[in-house]
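Here is a short guided tour to read alongside the model. Keep the viewer open and click along as each residue comes up.

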Amino acid sequence: NTPNSAAFSFTGQFTAAAWIKPTIADYVGQGNANNWGTIIQQWTWVDPPAVINGYGINRFNNGTIMVFNGTATTYTTPTSIGTAPLNVWTHVAHVFDGAADRIYINGLLDSAFPATAAPGLSSAPLHVGRDDYNRFFYGYIDEVRLFNAALTAAQIAVLHGGMPAPGGLSATTAPNLVTLTWNAVPGATGY
């Protein structure tokens with residue numbers, strides 16, 4: 001758990017992404033309350049009316065990815081077509097831009113759904129690999145990234161594949177000095 005922070009308590013556009021490697025398929029058999037494991041979650045349960053304030057990414061037993069965001073009056077839970085298979089590193093991302101919820105798997109758009117709810121302000125901590133209701137993710141989670149903006153497909157591809165190497169790299173040497181020059185690839189903000 002990471003204590004609540006305005007840095008990741010989104011109420012508008014956002015992107016949440018991570019690399020995952022699930023190692024157990026049956027979450028319920030491991031004692032989870034439901035048939036999914038939590039990858040990233042930052043939400044507050046509001047009961048009544050039994051809804052959430054916040055957002056999250058989960059993996060179902062069958063490998064599909066379910067994302068959600070919502071407020072105390074409505075929430076949405078789109079589910080991917082593709083899967084994150086067992087014992088394989090898979091990059092997953094949820095992009096909410098106000099008009100749609102998009103699920104990316106391995107840098108490619110898997111599915112998009114019309115947005116019906118923005119994330120509500122949550123006072124909860126950020127959970128990685130678990131939530132408050134014993135829905136643990138069994139496996140590995142790495143490189144969790146949260147952005148208070150809706151990343152583009154090209155930016156998601158960079159999160160997945162890394163920034164392409166610069167071209168035209170050259171080195172000039174002098175006593176006690178090496179100067180490197182290169183041509184940045186389009187969209188690069190640093191190396």
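## The helix and its residues

Ala154 sits in helix α1, which covers residues 153-161. This is a predicted model, so everything below describes a prediction. With a relative accessible area of 53%, Ala154 is exposed, because the cut-off for exposed is over 50%. If you would like a distance to check in your viewer, try Val92: Ala154 and Val92 are 62 residues apart along the chain, and their C-alpha atoms are separated by 14 Å.

Gln155 is also found in helix α1. Its relative accessibility is 39%, so Gln155 counts as partly exposed. From Gln155 to Asn61 there are 94 residues along the chain, and the two C-alpha atoms are separated by 29 Å. Gly161 belongs to helix α1 too, and at 58% relative accessibility Gly161 counts as exposed. Which residue can you find 7.3 Å from Gly161, C-alpha to C-alpha, yet 54 residues apart in sequence? That residue is Gly107.

## The chain as a whole

Stepping back, the secondary structure comes to one helix and 13 strands. Along the sequence, the order is β-β-β-β-β-β-β-β-β-β-β-α-β-β. Taken along the principal axes, the C-alpha atoms fill a box of roughly 70 × 35 × 30 Å.

The chain has 191 residues, and 38% of them are buried. About 9400 Å² of the chain is exposed, with carbon and sulfur atoms supplying 57% of that area. What share of the contacts between residues at least 6 apart in sequence joins residues at least 24 apart? The figure for this chain is 61%.

## The nonpolar cores

The largest nonpolar core holds 21 residues, and those touching the most other members are Ile20, Ile39, Ile40, Tyr55, Ile57 and Ile65. Several strands contribute to this core: β1 (14-22), β2, β3, β4, β7 (90-96) and β8 (100-105) each supply at least two residues. Which strand gives the most to this core? Strand β1 does, with four residues.

Ile20 is a good place to start clicking. Leaving aside residues up to four places away in sequence, Ile20 touches Ile39, Arg59, Ile65, Ala84, Val88, Trp89, Thr90, Val92, Phe137, Tyr140 and Ile141. Apart from the largest core lies another one, of seven residues, with Tyr104, Leu151, Ile156 and Leu159 among them.

## The second largest pocket

The second largest pocket has a volume of about 210 Å³. It is lined by 13 residues, of which Trp36, Trp45, Ile52, Tyr75 and Arg135 are the closest to its centre.

Strands β2 (36-46), β3 (51-60) and β4 (64-70) each supply at least two residues of this lining. Strand β2 gives the most to the lining, with four residues. By residue type, the lining of the second largest pocket divides into eight nonpolar, three polar and two charged residues.

## Two positive phi angles

Here is some background for the next two residues. Most residues other than glycine have a negative phi.

Glu143 has a phi near 50°, a positive value in a residue other than glycine. This residue lies in strand β11, which spans residues 139-147. Is Glu143 buried or partly exposed? Its relative accessible area is 40%, so Glu143 is partly exposed. Asn176 also has a positive phi, near 60°, and is likewise a residue other than glycine. You will find Asn176 in the loop between β12 (167-174) and β13 (177-183). At 85% relative accessibility, Asn176 counts as exposed.

## A loop residue to finish

One last stop is Asp132, placed in the loop between β10 (127-128) and β11. Asp132 has a relative accessible area of 45%, so this residue is partly exposed. For a final distance check, turn to Ile57: Asp132 and Ile57 are 75 residues apart in sequence and 14 Å apart in space, C-alpha to C-alpha. Ile57 is one of the residues that touch the most other members of the largest nonpolar core.

How values were computed. Residues are numbered from 1 along each chain as its sequence is written. This is a predicted model: local features need pLDDT of at least 70, side-chain atom pairs count only at pLDDT 80 or more; totals for chains, interfaces and linings use all residues. Side-chain values use heavy atoms; hydrogens and water are left out. On a 1 Å grid over the protein atoms alone, a cavity is a set of points where a 1.4 Å probe fits but cannot get out, and a pocket is an open set with protein on both sides within 12 Å along at least five of seven lines; lining residues have an atom within 4 Å of a point. Grid points are joined across faces, edges and corners, and a volume is the space filled by probe spheres set on the points. Ala, Val, Leu, Ile, Met, Phe, Trp, Tyr, Cys and Pro count as nonpolar, Asp, Glu, Lys and Arg as charged, and the others, Gly among them, as polar. Buried means under 20% relative accessible area, exposed over 50%, partly exposed in between (1.4 Å probe, protein chains only). Contact means heavy atoms within 4.5 Å. Accessible areas come from the Shrake-Rupley method with a 1.4 Å probe; for residues, only the protein chains shown count as cover. A nonpolar core is a set of buried Ala, Val, Leu, Ile, Met, Phe, Trp, Tyr and Cys residues joined through side-chain atoms within 4.5 Å.
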